[in-house]
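User: I'm new to reading protein models, and I'd like a close look at one part of this one. Could you walk me through the nonpolar core, and then show me what lies beyond it?

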Amino acid sequence: MQNQSTQTRARCARDLTGSDPLRRSLLSLVAIVGLFQLAGCAAVTNPVANGVPVHMVPDELLAPSKEGFEPIDLTLLRQQPPVEYLLAAGDTLGIYVEGILGDPESPPPVSVPDVPDLSPSIGYPFPIRSDGTVSLPFIGAVDVAGLSIEGAERKVIDAYLQKRIVPQEEEGYRIIVTLQRPRYERILVVRDDGTQSSVSFSNAGLVGFGSETTISDGRSATGQVVELPAYENDVLNALARTGGLPGPTAKQEVLIYRKGRREQNDEPTDLQSKSAADLERALRGGGEVIRVPLVMRPGLPPAISRDDIILKTGDIVTIRAREPELYYTGGLIPARETQLPYDRDVSVVKALLMAQGPLVNGGVSTNNLSGSIVASGLGAPSPSLLSVIRKTPSGSQIVIRVDLNDALRDPRHDILVQAGDLLILQENTDESLTRYFTSIYQMDFFFRYLNRADASGTGSVILP
């Protein structure tokens, strides 16, 4: 009995392996074909499939949110107007001293300024020198820096009285001091947030055919020197006189390149988010870069000091245009580059839709007009393996593995896309094998639903 059982098992083994050389060859061929197909399967050979799961990515490698910012209070960009105008070097006074500066028989000269904010002045022009003094006939230098107009007039009168150049009694004797021209600060404002107008050239050609060429649509940089009067020499007035606040295509910040360093006891300037080239240009010769943000998150104290927004002669105020923020797609997503919005967050699911990639539709691209528009549900699983290749601050790269099924259910898996990301969509191994076997192996059911002597009916169903 034992010998019979052994012989039976050996015979079964020969039947399974095939004693026929042709059968063994066929089995070997099927195995080889299967190995080659598995080797060519993208789900098996995907070089970026073994990425870091999204829930294990450190927070510093996740993209920061662009939303939640609000415009700052514009009064922070303007200096508080003074109660009274205080004189300083660069101001020009109009001074009239009867009998000394002007003929008593003639009326004093009157100057009407072109600026509507200034009142007409009386007298002859006398600029305040760098040491804060004005030089007047017979009495020499009179220090008027830091005084109001009324205070300067009183000091000039006292100076002439002390020299006994004018009578002690002031009745019938006139000494007038007015502000003829306020001091100005010359500021260079450079902006590259403008846009060029488009110019189109059309060629009619033959009937129904033609061509059109458009030259345009680039950014245009402008440079302008503005003179800001005293107490208006601030960032807000510089922007208002050169085109207003930056638009959405510009960086929401103002960079001020300033000569000379601050004193050691002053608050240090925020030099973060500056490129090495910007810093080199600004710091060459002992300069500094001042960053004035125009948007901030609510609840945070504004990082703006009064010294930052007050401009001096030689300052360069710049508004930079934003560079396009692009991300790239590949794999089962149409290969292209897509621009990210400047002020809105885009998650990986939204980025997939923006690139017209397949999402819960059986893996059929929406722009595939030459093939199937709607795939069958059975045997056509939706690809869910999304690899996000992202550059790290150190210059290397990290591959983040996102399961789209989890991302659709849990917002924590639906991470934000940042500029420079590469999104590659593939099927995982289960989805790939399901699609492969259901497309290779089919079941054909044939049945007869009508069987009569004079008629018959048959039908067939093919699955999947």
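Analyst: Here's a walk through the core, followed by a second core, a covered strand and the pockets. Keep in mind that this is a predicted model.

Let's start with the largest nonpolar core, which has 25 residues. The ones with the most contacts inside this core are Leu 87, Leu 93, Ile 95, Leu 136, Val 144 and Tyr 160. Where do the core residues come from? Strand S3 (92–97), strand S7 (133–136), helix H4 (149–162) and strand S9 (175–181) are the elements that each give two or more. Helix H4 is the top contributor, with seven residues.

Now zoom in on Tyr 160, one of the residues with the most contacts in that core. Leaving aside residues up to four places away in sequence, Tyr 160 touches Val 97, Ile 100, Leu 136, Pro 137, Ile 139, Ile 165, Val 166 and Ile 175. You'll spot Leu 136 in that list, and Leu 136 is also among the core residues with the most contacts.

That isn't the whole story, though. Apart from the largest core lies another one, made of 24 residues, including Leu 61, Tyr 327, Leu 340 and Ile 415.

Next, take a look at strand S22, residues 422–426. Four of its five residues are buried, so count it as mostly covered under the cut-off for buried, under 20% relative accessible area. S22 has partners, too. With strand S18 (residues 326–331), S22 pairs in the parallel sense over four bridges, and Gly 330 has Ile 424 in S22 as its bridge partner. With strand S20 (residues 385–391), the pairing is antiparallel and runs over five bridges; here Leu 386 stands opposite Leu 425 of S22.

Finally, the open spaces. The largest pocket holds about 1,200 Å³ of space. Its lining takes in 38 residues, and Phe 69, Gln 252, Val 295, Arg 322 and Tyr 342 lie nearest the centre. Strands S2 (70–71), S15 (287–293) and S16 (295–296) each supply at least two residues of that lining. Sorted by class, the lining of the largest pocket has 20 nonpolar, five polar and 13 charged residues.

The second largest pocket has a volume of about 440 Å³. Of the 17 residues that line this second pocket, Tyr 85, Asp 117, Leu 118, Leu 179 and Pro 182 are the closest to its centre. Its lining splits into twelve nonpolar, two polar and three charged residues.

Terms used: Residues are numbered from 1 along each chain as its sequence is written. This is a predicted model: local features need pLDDT of at least 70, side-chain atom pairs count only at pLDDT 80 or more; totals for chains, interfaces and linings use all residues. Side-chain values use heavy atoms; hydrogens and water are left out. A nonpolar core is a set of buried Ala, Val, Leu, Ile, Met, Phe, Trp, Tyr and Cys residues joined through side-chain atoms within 4.5 Å. Buried means under 20% relative accessible area, exposed over 50%, partly exposed in between (1.4 Å probe, protein chains only). Contact means heavy atoms within 4.5 Å. On a 1 Å grid over the protein atoms alone, a cavity is a set of points where a 1.4 Å probe fits but cannot get out, and a pocket is an open set with protein on both sides within 12 Å along at least five of seven lines; lining residues have an atom within 4 Å of a point. Grid points are joined across faces, edges and corners, and a volume is the space filled by probe spheres set on the points. Ala, Val, Leu, Ile, Met, Phe, Trp, Tyr, Cys and Pro count as nonpolar, Asp, Glu, Lys and Arg as charged, and the others, Gly among them, as polar. Two strands pair if DSSP finds at least two bridges between them.
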